[in-house]
Amino acid sequence: MRKRPESSSIRRALRGSESDGTSPGSGPGARTASLPVGAVMAKESGDKRPVSAHSILNSVTRHASLKTKVESPQLRKTTSAGRSKSFSNHRPLDPELVAQVEHSSQEMELAADCNHLLWNYKLNLTMDPKFESVATEVCRSTLSELKECHEEERGKGYLVSCLVDHRGNITEYQCNQYITKMTSIIFSDYRLICGFMDKCKDDINSLHCGNVNVGQKDIHSQGKVIGCLEKALVREAEQDAPSNPIKEGCKKAIMRVAELSSDDFHLDRYLYFSCRDDRERFCENTQAGEGKVYKCLFNHKFEEAMSEKCRDALTTRQKLIAQDYRVSYSLAKACKADLRKQHCNLENNLPHAREARLSYLLLCLESAVHRGRMVSGECQGEMLDYRRMLMEDFSLSPEIVLHCRGEIETHCSGLHRKGRTLHCLMKVGRGDRSSTVESLCQNALQNLVQSADPGADYRIDRALNEACESVIQTACKHIRNGDPMILSCLMEHLYTEKMVGECEHRLLELQYFISRDWKLDPILYMKCEGDAARLCHTHGWNETSELMPPGAVFSCLYRHAYRTEEQGRRLSRDCKVEVQRILHQRALDVKLDPELQRRCMADLGKWCSEKTDSGQELECLQDHLEDLVSACREVVGNLTELESEDIQIDALLIRACEPVIQAHCHVSTHTHTCAHTHRISCLVSQYRYNSQP
């Protein structure tokens, strides 16, 4: 849930600048062009006709006291021939002209006195009492609702800053129009934002992100300062011991600025200038506001035509969202009510920083969905977008960047786009017995799969979706697009003629991690949640127990699946069907059975290193049953006993009979909960029929 902004957040930026009566960075040799606070005070008019915020703002900025001081500087634009072109005789500066200068700043060579004058001009816009009187007039209804702003001391500029800070709560049209103009001015320079200069000056210097002195850096490129700090912040999360850790106060200021600029990409100055051409190329018809341009650019991030500079800026923005979901305007707005309803921000035993993380939000709301609780469709749509985002770009998960760096450099370099690095890491993670990943990397991959939850909708995994599209269109076309049973259908056709090699690899890579947490199979969880709580003492979807970790729950369930009535404590019928489905899938590949792989790793290497086809490894272990270590012998013995009760667990038999099953005995597991029983009866009937003389 997005918290009410602190009342002092933006105001402190202005207090630091007014304390000494000079602009930041002014010193010996600097031309003083500052305007006295209050210089634009105009005589009040007796005319009571309604006037728009736009006209009021422009009339104030055109006052005679500003005229001579803002028309004098020359703007020079360098042409391709090396000549400079002067722009003079401008109308008195107003917010629209300031915005035009800002938008053209990277192509213009602004004179030092113009830079300094514009800074003082913008500072006066935020502090001048006249603008407070305008705000009081056009925001009268808003101020009656925002008592925090209404009670601000007048004459020091705090009122306008308070309204900018609360602009997301403003519904009054004239007030919204006025504050929108003021916002564009404030966000054009980091020294006017949220106490940024006071909180981050030391970090700016230590990280070499720029110089806060006016005379030494173009005032209109200060968005690069915030961009540099944002990169340093996300880089710090990917390091064990950062050399120059950012101070806590500056971290909060960086995230607050990112949150305040989340609705309009124009306010993220570094990203705006980095992506201007890409916005025209990919999102020309996307209206600015409500985070729509950000979302559009995110969707095109891996397009070949996307510039590297824009892609880099977008990735930084996405990493900030991963640290604090409120940096995404659309996600925070769509899920605000659901977060409150599901109590996702009320964990008193968790630090605030963890509550704000995107992964925490996703896990909390996914838990509600899996347990059948109501989460709005708009919120689920936003969650789907960000779950897909996590699966597409591994670098958005700082734990993977930190703990899987060696595996990426050794096995997966150059595969960054469209989820290919993540699947490469999954491949290494489930690889042969001579190639394993470090446990910290394995845990990071498992946590990411749980946060993204691709088992609930295969489309989240872009690499899998693209690799298996043809198989889905032929073998699984009877299942609704996005249904979680798609993955079961793909597993059902794993070693059939309809399967293609690329799909097989991507499917097994994902299933390896899904098989290690029973909750990641949504159908199994839905049918067995009650049984697991009753028999295995499990907790909520996103809660873990040391006594019953996620990987041990399925073992508990299948131990109860084949109990007799006399033995008691049996599974419900629906849960038993799903347990059998999972056992059939695991019989295809020993790596999909975590307990068997863990207990039999040494024996697989010793006796079965050349047996790699489907079902061969388990048959090999069965052939060497007396030679196995006791822990491995126990789990193989249990599976052998289950095979005698359920023929579908015998992978070699099922694979040998696949042509007959497809021709005469195929029943979709999506439409027939007892499909495996039907197949066995059908195979027996076909055998008897073919055995007749």
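How many disulfides does the structure hold? In this predicted model, the structure holds 15 disulfides, of which three are described here in turn.

Cysteine 139 and cysteine 175 form a disulfide with their sulfur atoms 2.0 Å apart, and this pair links distant parts of the chain, cysteine 139 being in the loop between helix 6 and helix 7 and cysteine 175 in helix 10, 36 residues apart. The torsion about the S-S bond of this pair is about 95°, so the disulfide is right-handed. Cysteine 283 is joined by a disulfide to cysteine 296, and here the torsion of about -100° means that the bond is left-handed. The disulfide between cysteine 536 and cysteine 556 is likewise left-handed, because its torsion is about -95°; since cysteine 536 lies in helix 29 and cysteine 556 in helix 30, the pair ties together parts that are 20 residues apart in sequence. Cysteine 536 counts as buried, at 1% relative accessibility, and cysteine 556 is buried with a relative accessible area of 2%.

Helix 28, spanning residues 501-514, reaches 20 Å from its first C-alpha to its last, close to the 20 Å expected, and 10 of its 14 residues are buried. Among these buried residues are Arg506 and Leu510, and both recur in the surroundings of aspartate 461. Aspartate 461, placed in the loop between helix 25 and helix 26, is buried yet has no salt bridge, the nearest side chain of opposite charge, that of arginine 506, being 7.5 Å away. A polar atom of the aspartate 461 side chain does, however, lie 3.2 Å from the backbone nitrogen of leucine 464, and the contacts of aspartate 461 include Met391, His423, Pro454 and Leu510.

How values were computed
Residues are numbered from 1 along each chain as its sequence is written. This is a predicted model: local features need pLDDT of at least 70, side-chain atom pairs count only at pLDDT 80 or more; totals for chains, interfaces and linings use all residues. Side-chain values use heavy atoms; hydrogens and water are left out. Helices (H or I, at least four residues) and strands (E, at least two) are DSSP runs, numbered from the N terminus. The expected span of a helix is 1.5 Å times one less than its number of residues. Buried means under 20% relative accessible area, exposed over 50%, partly exposed in between (1.4 Å probe, protein chains only). Lys and Arg count as positive and Asp and Glu as negative; His and the chain ends are not counted. A salt bridge is a side-chain nitrogen of Lys or Arg within 4 Å of a carboxyl oxygen of Asp or Glu. A polar contact is a pair of N or O atoms within 3.5 Å; within protein, one must be able to donate a hydrogen and the other to accept it, and residues adjacent in sequence count only if both atoms are side-chain atoms. Contact means heavy atoms within 4.5 Å. A disulfide is a pair of cysteine sulfur atoms within 2.5 Å.
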